[in-house]
Amino acid sequence: MEVALICSQPDRFLLGNRSKSSEFFISRCSSSSRGPIARKNCRIGRTRCGMASAMAGASANPSVSDVITKSRVSDELMPQIMSEALVWSSLHGLVVGDRNSQRSGTVPGVGMVHAPFALLPVSFPKDLWKQACELAPLFNDLVDRVSLDGKFLQESLSRTRGVDSFTSRLLEIHAKMMDLKKTEDVRLGLHRSDYMLDAETKKLYQIELNTISASFPGLGSLVSNLHRNLLNQYGENLGLDTKNIPENASLSRFAEALAKAWNEYNDSSGGRTVGVVYFRAGYSPDDYPTESEWRARLTMEQSSAIKCPSISYHLVGTKKIQQELAKPNVLERFLDNKDDMKKLRHCFAGLWSLDDSEILKQATEKPELFVLKPQREGGGNNIYGEDVRETLFKLQKEGNKGLDAFILMQRIFPASTPTHLVRDGVCRRDYTISELGIYGAYLRNKDRIIINEQSGYLMRTKASSSNEGGVAAGYAVLDSIYLS
C-alpha cells in the first residue's frame, strides 16, 4: 500500500548538497530606502553590513525590533550571523530549487539556493500566540462538520459557479459524489489558518483557512531551528533568549498524521494499493491544463483512498465559504458549544458578499479599507487600494453577475518593524509586516477522532509596501516567532 503525492512542481521537494564554500551564498547586502532610517549600502563578507539609526515611534514587536532599531547588532556581528545562517541553511536542507538558470544551469530548478528567510525571529505577543494555537482544533472540527453538509456547500457556491469555471468543475465532482452517496469514513485534514495582528485594535484576525496544500511545514520548522541555533550562538550579544522561540514540529506532526491515516486505511493485501492521496497541487486552474487532469481528480475522488483533502474539504477552504461562515447564525448550523463559537467569531474579520449594495458603496468610497478576493489560492490574486474601486466599477458596468466571483474583506493593518530579509544570498533591511499560519491536523475514522491538534506554525514576513504575501510567489520570506 502506498501514499500518493500529487505535485505539479517536484523541484520544491529537492534537498540540496552543501555548497563547496559559503561564499556561494554570501553576497552583497543593501538596506532599504523605506522608512525613517539612515541608509548605507554594504557588502556581506569582507566589508561591513550597515546598520540603521533609531526608528521614530513605538513598535508593536519590541523585543527583536529593539535589537535592530537601537543598533545593538554591531557592524562586526551582523556579517558573522549572516554567514552562519547561510552555511547552516545549506547543511540542514533549508534550500529550494534555484530557478535562476544563470546559476543553476540550463534547466532552472536543478541547482539549489537557500530558502528566503528573516535573519532574526519576529516578536509576537504570548497571549495571542496562545489564542491562535487554541483555535486550531476548533477550525479542524468546523471544517469536518461543514464538509458533511453537501447541500450547504452547493447552495453557498451556486452563484460563484456561474462566473468561475474552476469552482464550477470542483462542484461538478462534488455533486457526482453526492449522487453516488459516497461517504468518506476516514477523513484526513492537514490545514493552515492564517492570521494577522491588527495594530490599532491589537486583535488577531483570520485572513484565510487553507484546506489544500497547506505549504511549508518542512521549511517553516527548519527556520525555527535556524533561529534557535543563531540565538544559541549570538543570543547573549543580542539580549535574546532561545527559550522564547516556541517549538515547531509541523513537519513531524504532518508526517505522523499521514502515517496514521495510512494505518487507518488498513488494507491487508498490501501490494500497489494507494491508501492515501495528498494533494500538493490541484488548488489552481493551472494544475488542470487538459481534461486528463480533471478525469484524474474524479477518479481519485471515486476511489476508496483517503484524500487529503477530499473534494468536500477542498470546497470548505474556498473564500466564499469563509465568508458564509462569518454570517450571523451560520456557525450554529454546525456547532453546539457557545464558547467555541465565540472564540471563532472573535477572530473573524469583516467579510461580505458583493450583493450588498451598502458595502459596495463603502468599498468604492474608501477602497483602501478593503481587499477584493477571488476564489483562488497561491498568492498574487487579491486586489487592493485603488484597484478595488476600478475593479468594482468594471464589474458593475459589465453586469453584476461578475461580482459573484469575489468577496470583500476588511483590510488588516499590522504594525511594521525593521527586519533583515535574506533572499538569494542578499541581505537587505526593510520595514516589514508578518502573517502567522497555524497548522492543524485532523484524522477521524467514522465516529472516532484519532487526531485533532495544533501541529506547528508558519511565520511569513514581507516588506510593508507589498500587498501579497506568498513565499513561493516571491513576496515574503520565512520567519519564526519570538514570544514577547
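Two strands count as paired if DSSP finds at least two bridges between them. That cut-off is the way into this predicted model.

Start with β12 and β14. Strand β14 covers residues 406-410, and its antiparallel pairing with β12 runs over 3 bridges. One residue pair shows the register: L351 has M409 of β14 as its bridge partner.

Now widen the view to the sheet. It is open, has 3 strands, and follows the order β12-β14-β13. The pairing is antiparallel. Residues 351-353 make up β12 and residues 370-374 make up β13; these are the edge strands, each pairing on one side only. On average, neighbouring strands are turned by 30 degrees against each other, direction ignored.

Two helices meet these strands. Helix α14, residues 357-365, packs on the sheet and touches β12, β13 and β14. The direction of α14 makes about 115 degrees with that of β13. Helix α15, residues 386-398, lies across β13 and β14. The angle of α15 to β13 is about 50 degrees.

Next, a pair of helices. Packed helices are described by the angle between their axes and the distance between the axes. Here the pair is α7 (residues 165-179) and α10 (residues 291-302). Their axes come within 10 Å and cross at roughly 30 degrees. The crossing of α7 past α10 is right-handed.

Which residues in α7 and α10 meet? From α7 come F166, R169, L170, I173, K176 and M177. They meet E291, W294, R297, L298, E301 and Q302 in α10. By class, this contact holds 6 nonpolar residues, 5 charged and 1 polar.

Methods
Residues are numbered from 1 along each chain as its sequence is written. This is a predicted model: local features need pLDDT of at least 70, side-chain atom pairs count only at pLDDT 80 or more; totals for chains, interfaces and linings use all residues. Side-chain values use heavy atoms; hydrogens and water are left out. Helices (H or I, at least four residues) and strands (E, at least two) are DSSP runs, numbered from the N terminus. Axes are lines fitted to C-alpha atoms, for helices over the stretch in contact, and angles run from 0 to 180 degrees between N-to-C directions. Contact means heavy atoms within 4.5 Å. A crossing is left-handed if the near helix is turned anticlockwise from the far one by less than a right angle, and right-handed if clockwise. Ala, Val, Leu, Ile, Met, Phe, Trp, Tyr, Cys and Pro count as nonpolar, Asp, Glu, Lys and Arg as charged, and the others, Gly among them, as polar.
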